[in-house]
Amino acid sequence: MLTSKWHTLNANCQKFNAAYKRAKRLGKSGENDVDYLKRAQSIYRDEHRGVAFSQEDAWAVLRFHPKWDAPEQVDLTGDVPGASQEDLFGHDARPRPPGKQRPAKKSKSDATASTGGSSASAQFGELMEQELRLKREAAERAFEAQAEKDRTLMRLEELRFLATSTKDLDEDDAYWIKKQKKLIKNKMKNDLGDEDDEDEDE
């Protein structure tokens, strides 16, 4: 008698569990368990010719049992020696869901692959660091080249200013131009060193 009752309860609860999961998948934002239960009751009633699911209390207990979502069927016969699960409860109407196979043990190659992932990220980090360093060096070289170009242009301007004649200028303007020429010459001497001074002494 217990076996036949369990067989019926088991089958009905599994069907309702499927309806509940479908109701949850169809759920909208802001809905809760009460809404899912109402929708599941409606789905169950539609699929069973208007018969309502009446074993909600039993389902509320069973739904949290590992058997309902476990990758493999849980053995409930441990306390009854020599009895199989089918002997006690009848055929299980709910087969193992597709894709819910027992997870395989990690092999040595899987472990290597997982550590390979961290070494790949380390290599990626090194490549990024090297690329940033090369970009920084290129930017520094470009800055130095631009600075050298600016210095060359400044020297040309200074040389052009040194070639400016003061003979057609009044005394006041000539004084300031000569003073500026003297500053430019002193700067050039500092830049080039004392070689020019030795040449002038000869």
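## Close-up views of a helical protein

Glu-47 is partly exposed, with a relative accessible area of 42%. Keep this residue in mind, as it returns in the second view. Please note that the model shown here is predicted.

**View 1. The whole chain is built from helices.** The protein chain contains 7 helices and 0 strands. Walking along the sequence, you meet the pattern α-α-α-α-α-α-α. How much of the chain is buried? Of its 202 residues, 17% are buried. Now consider contacts between residues with a separation of 6 or more: 50% of these join residues that are 24 or more positions apart.

**View 2. A salt bridge links helix α1 to helix α2.** Among the 6 salt bridges of the structure is the one formed by Arg-22 and Glu-47, whose closest N and O atoms are 2.5 Å apart. Arg-22 belongs to helix α1 and Glu-47 to helix α2, so this pair ties together parts that are 25 residues apart in sequence. Arg-22 counts as partly exposed, at 29% relative accessibility, and Glu-47 is partly exposed too, at 42%. As a general point, side chains of opposite charge can pair when their charged atoms come close.

**View 3. Helix α1 runs from residue 2 to residue 25.** Try a quick check with this helix. With 1.5 Å for each residue, its 24 residues should span 34 Å, and the C-alpha atoms at its ends are indeed 34 Å apart, so the two values agree. Several residues of α1 are buried, including Trp-6, Phe-16 and Tyr-20. Asn-10, Asn-12, Gln-14 and Asn-17 are also among the buried residues of this helix.

**View 4. Arg-49 sits in a loop and has a positive phi.** The loop in question lies between α2 (33–47) and α3 (56–62). Most residues other than glycine have a negative phi. Arg-49 is not a glycine, yet its phi is positive, near 50°. Is this residue buried or exposed? Arg-49 counts as exposed, because its relative accessibility is 84% and the cut-off for exposed is over 50%.

**View 5. Two salt bridges lie within helix α5.** Helix α5 covers residues 108–162. In one of its salt bridges, Glu-131 pairs with Lys-135, with the closest N and O atoms 3.5 Å apart. These two residues are 4 residues apart in the sequence, about one turn of the helix. Glu-131 is partly exposed at 40% relative accessibility, whereas Lys-135 is exposed at 53%. In another salt bridge, the side chains of Arg-151 and Glu-148 meet, at 2.7 Å from N to O. Here the partners are 3 residues apart, again about one turn of α5. Arg-151 counts as partly exposed at 39%, and Glu-148 is partly exposed at 36%. Why do such spacings suit a helix? An α-helix has 3.6 residues a turn, so residues three or four places apart point the same way.

**View 6. Helix α6 has a buried side and an exposed side.** The buried residues of α6 are Ala-174, Ile-177, Lys-181, Ile-184 and Met-188. They cover an arc of only 90° around the axis, which puts them on the same side of the helix. Which residues are exposed on the other side? There you find Glu-171, Trp-176, Lys-182, Leu-183 and Asn-190. The length of α6 can be checked as well: its 22 residues, 171–192, should span 32 Å at 1.5 Å a residue, and the end C-alpha atoms are 31 Å apart, which agrees.

**View 7. Both ends of helix α6 have something to show.** At the N-terminal end, Asp-170 acts as a cap, with a side-chain oxygen lying 3.1 Å from the backbone nitrogen of Asp-172. After the helix comes Gly-193, with a positive phi near 100°.

**View 8. Lys-181 is a buried charged residue without a salt bridge.** You will find Lys-181 in helix α6. The nearest side chain of opposite charge belongs to Asp-168, and it is 12 Å away. What does Lys-181 contact, leaving aside its neighbours within four places in sequence? Its contacts are Phe-161, Leu-162, Thr-164 and Thr-166.

**View 9. Ala-174 is another buried residue of helix α6.** Its relative accessible area is 9%, which means that Ala-174 counts as buried. Beyond its neighbours within four places in sequence, Ala-174 is in contact with Thr-166 and Leu-169. Thr-166 is therefore a residue to find in both this view and the previous one, as a contact of Ala-174 and of Lys-181, with the cut-off for a contact being heavy atoms within 4.5 Å.

Terms used:
Residues numbered from 1 in each chain as written. Predicted model: local features only at pLDDT ≥ 70, side-chain atom pairs only at ≥ 80, totals over all residues. Heavy atoms only, no water. Expected span 1.5 Å × (residues − 1). Buried < 20%, exposed > 50% of the residue type's maximum accessible area, 1.4 Å probe, protein only. Arc of directions from axis to C-beta. Polar contact = N/O pair within 3.5 Å; in protein donor to acceptor, adjacent residues only side chain to side chain. Lys, Arg positive; Asp, Glu negative; His and termini not counted. Salt bridge = Lys/Arg side-chain N within 4 Å of Asp/Glu carboxyl O.
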